[in-house]
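The following note is offered to a colleague who is meeting this structure for the first time. Its points are numbered so that each can be checked in turn.

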Amino acid sequence: MSLQTELLDDLKTAMKAKDEVTRDTLRMLKSELGKAELDKGAALSADEELAILMRGVKTRKESASAYDDGERPELAARERAEILVIEKYLPTALTEEEARASITQLVAELGLTEKKQMGALMKAIMAKHRGTIDGKMASKIASSLLG
């Protein structure tokens, strides 16, 4: 089943259940995917769909943090609820221990030893673990291994 079909089915279910957060989040996702598809002029690949979902999670995390800083806990809670909805459609994220083990293995495979090789390592990490690893966490682990 394609992502857009799955979103549509889940949207119908959320509407029947009167689940406002899920309904609104899925509508937003469908809109973003549709706009990207229209801009491209062709169907989106799985990687492109994944990138849109990941961007949605990232922006909502930033918004939740901003709402926390602005002492608006109700809005921050809504953003976090939307993140939980989106994460249902993302691959399972690696834990920090799993990420560290994988990055350590990549460093050994590529024979990297210096901090200036960080770019090559990050490129390899993101290619291997697209959608399953947080970029900030990967960068922190990579710099600790190369530093």
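**Notes on the model**

1. Lys-18 is placed in the loop that joins helix H1 (3–17) to H2. The model is a predicted one, and this should be kept in mind throughout. The phi angle of Lys-18 is positive, near 60 degrees, although the residue is not a glycine. Most residues other than glycine have a negative phi. With a relative accessible area of 71%, Lys-18 is exposed, because the threshold for that class is over 50%.

2. A second positive phi in a residue other than glycine belongs to Glu-71, where the value is near 55 degrees. Glu-71 sits in the loop between H3 and helix H4 (73–87). Its relative accessibility of 68% places Glu-71 among the exposed residues.

3. Is Leu-44 buried or exposed? Its relative accessibility is 13%, so Leu-44 counts as buried, the limit being under 20%. The residue belongs to the loop between helix H2 (20–40) and helix H3 (46–69). Leaving aside residues up to four places away in sequence, Leu-44 touches Leu-33, Ala-36, Glu-37, Glu-49 and Ile-52. Between Leu-44 and His-129, which are 85 residues apart in sequence, the C-alpha to C-alpha distance is 20 Å.

4. Asp-47 is part of helix H3. At 49% relative accessibility Asp-47 is classed as partly exposed. Its C-alpha atom is separated by 8.7 Å from that of Gly-131, and the two residues are 84 residues apart along the chain.

5. Helix H5 (residues 96–110) has 15 residues, which should span 21 Å at 1.5 Å a residue; the end C-alpha atoms are 21 Å apart, in agreement with that expectation. The buried residues of H5 are Ala-99, Ser-102, Ile-103, Leu-106 and Val-107. Viewed down the helix axis, these buried residues of H5 fall within an arc of 140 degrees and therefore line one face of the helix. On the face of H5 turned away from the buried side are the exposed residues Glu-97, Ala-108 and Glu-109. The cover over the buried residues of H5 includes helix H6 (118–128) and helix H7 (135–146). After H5 comes Gly-111, which has a positive phi near 70 degrees.

6. A similar check may be made on H7. Its twelve residues should span 16 Å at 1.5 Å a residue, and the end C-alpha atoms are 16 Å apart, which agrees. Buried in H7 are Met-137, Ala-138, Ile-141, Ala-142 and Leu-146. Down the axis of H7, the buried residues occupy an arc of 150 degrees, so they line one face of the helix. Against which helices do the buried residues of H7 pack? They pack against H5 and H6.

7. The largest pocket holds about 590 Å³ of space. It is lined by 19 residues, of which Val-57, Lys-61, Ile-133, Asp-134 and Gly-135 are the closest to its centre. H3 and H7 each supply at least two residues of this lining. The greatest contribution to the lining comes from H3, with five residues. Sorted by class, the lining of the largest pocket consists of nine nonpolar, four polar and six charged residues.

Note on methods: Residues are numbered from 1 along each chain as its sequence is written. This is a predicted model: local features need pLDDT of at least 70, side-chain atom pairs count only at pLDDT 80 or more; totals for chains, interfaces and linings use all residues. Side-chain values use heavy atoms; hydrogens and water are left out. Helices (H or I, at least four residues) and strands (E, at least two) are DSSP runs, numbered from the N terminus. The expected span of a helix is 1.5 Å times one less than its number of residues. Buried means under 20% relative accessible area, exposed over 50%, partly exposed in between (1.4 Å probe, protein chains only). The arc is that of the directions from the helix axis to the C-beta atoms. Contact means heavy atoms within 4.5 Å. On a 1 Å grid over the protein atoms alone, a cavity is a set of points where a 1.4 Å probe fits but cannot get out, and a pocket is an open set with protein on both sides within 12 Å along at least five of seven lines; lining residues have an atom within 4 Å of a point. Grid points are joined across faces, edges and corners, and a volume is the space filled by probe spheres set on the points. Ala, Val, Leu, Ile, Met, Phe, Trp, Tyr, Cys and Pro count as nonpolar, Asp, Glu, Lys and Arg as charged, and the others, Gly among them, as polar.
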